[in-house]
Amino acid sequence: MPDISLTTVVLLCLAALAAGWIDAVVGGGGLLLLPALLLGLPSGTPAAHALGTNKAVAIVGTTGAAVTYARKATVDVRTAVRIGLAALAGSSGGAFFAAGMSTEVLKPVIMVVLLAVAAFVIFRPAFGTAPATGPATRRQILAAIGLAGLGIGFYDGLVGPGTGTFLVLALTALLHLDLVTASATAKIVNCCTNAGALATFAWQGAVLWQLAVLMAAFNLAGGMFGAHTALKRGSGFVRVVLLTVVFALVANLAWEQWVA
């Protein structure tokens with residue numbers, strides 16, 4: 001455990017609380033949690049320790065949100081787990097290729113895709129507001145396993161930012177879910193990908209467990225509260241948060257690409 005001031009620990013815990021809420025509602029909590037860890041940990045701390053601790057914190061909040069959703073929302077857990085296992089395989093492949101590929105080339109492409117997604121959501125107000133008309137077909141499930149599982153999972157291992165948001169959008173479009181149900185399904189998928197990543201970081205000794213346990217308690221509270229908020233406020237509220245997170249992600253990627 002590195003030497004961290006009490007003030008910094010408190011700020012990190014508050015960041016974990018807010019990140020848990022954001023991630024439960026629409027994904028993208030890592031946009032707040034990981035930068036907070038990178039800034040809060042003492043200089044000289046390996047980046048892998050921030051990444052590993054981030055995963056140890058996030059998996060607790062994600063699991064709490066997933067359980068809350070599963071108890072109160074109509075979620076096809078079997079389909080979600082199948083997509084999650086595919087995402088686990090995809091993220092492993094992405095991590096393997098990440099070592100030899102410059103992600104800087106991909107960031108402008110991702111920004112364009114995100115802006116296109118934001119435009120689509122803005123000009124299609126009904127997107128993700130109508131409940132599913134029935135169970136997903138075999139073709140829809142296979143498409144979700146391929147794109148939301150393998151594809152987005154690969155992106156998570158290769159680049160990472162906004163994975164939860166991409167999952168919500170993909171599941172809404174492919175399985176014709178409303179945004180609340182898509183968020184619930186995405187949390188289960190995220191549990192699978194986070195578990196694989198955490199196992200790797202733990203095996204490498206890159207998790208600051210004392211700090212992670214403390215932050216995880218706040219992340220869990222934020223995640224469960226965020227799930228309750230989404231269930232109570234409905235798809236219209238999730239849509240507003242979704243657009244906010246998408247624009248924040250674009251700004252974050254643009255900063256990393258051209259300013260930082």
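Is Ser91 buried or exposed? Select Ser91 to find out: Ser91 is buried, with a relative accessible area of 11%. Buried stands for under 20% relative accessible area, exposed for over 50%, and partly exposed for what lies in between, with a 1.4 Å probe and protein chains only.

Before going on, note that this is a predicted model, in which local features need pLDDT of at least 70, side-chain atom pairs count only at pLDDT 80 or more, and totals for chains, interfaces and linings use all residues. Residues are numbered from 1 along each chain as its sequence is written, and side-chain values use heavy atoms, with hydrogens and water left out.

**Stop 1: Ser91.** Ser91 sits in helix α4 (residues 77–98). Helices here are DSSP runs (H or I, at least four residues), numbered from the N terminus. Leaving aside neighbours within four places in sequence, Ser91 is in contact with Gly153, Phe154 and Gly157; contact means heavy atoms within 4.5 Å.

**Stop 2: helix α3.** Select residues 47–72, the helix that holds Lys55. Lys55 is buried, at 17% relative accessible area. Beyond its neighbours within four places in sequence, Lys55 is in contact with Asp156, Asn194, Ala197, Leu198 and Phe201. Ala50 lies in α3 too and, at 1% relative accessibility, counts as buried. Its contacts, again leaving aside neighbours within four places in sequence, are Leu34, Leu37, Leu38 and Leu41.

**Stop 3: helix α7.** Now select residues 163–175. These 13 residues should span 18 Å at 1.5 Å a residue, and the end C-alpha atoms are 17 Å apart, which agrees. The expected span is 1.5 Å times one less than the number of residues. Of the 13 residues of α7, 11 are buried, among them Phe166, Val168 and Leu175. Just after α7 comes His176, with a positive phi near 55°.

**Stop 4: α6 against α7.** Add helix α6 (residues 138–158), whose axis comes within 10 Å of that of α7 and crosses it at roughly 165°. Axes are lines fitted to C-alpha atoms, for helices over the stretch in contact, with angles from 0 to 180 degrees between N-to-C directions. The two helices are therefore roughly antiparallel, a term for angles over 145 degrees. Residues of α6 including Ile141, Leu147 and Tyr155 meet residues of α7 including Phe166, Ala170 and Leu174. The residues of this contact divide into 13 nonpolar, two polar and one charged. Nonpolar covers Ala, Val, Leu, Ile, Met, Phe, Trp, Tyr, Cys and Pro; charged covers Asp, Glu, Lys and Arg; the others, Gly among them, are polar.

Technical notes. Parallel < 35°, antiparallel > 145°, perpendicular 65-115°, else oblique.
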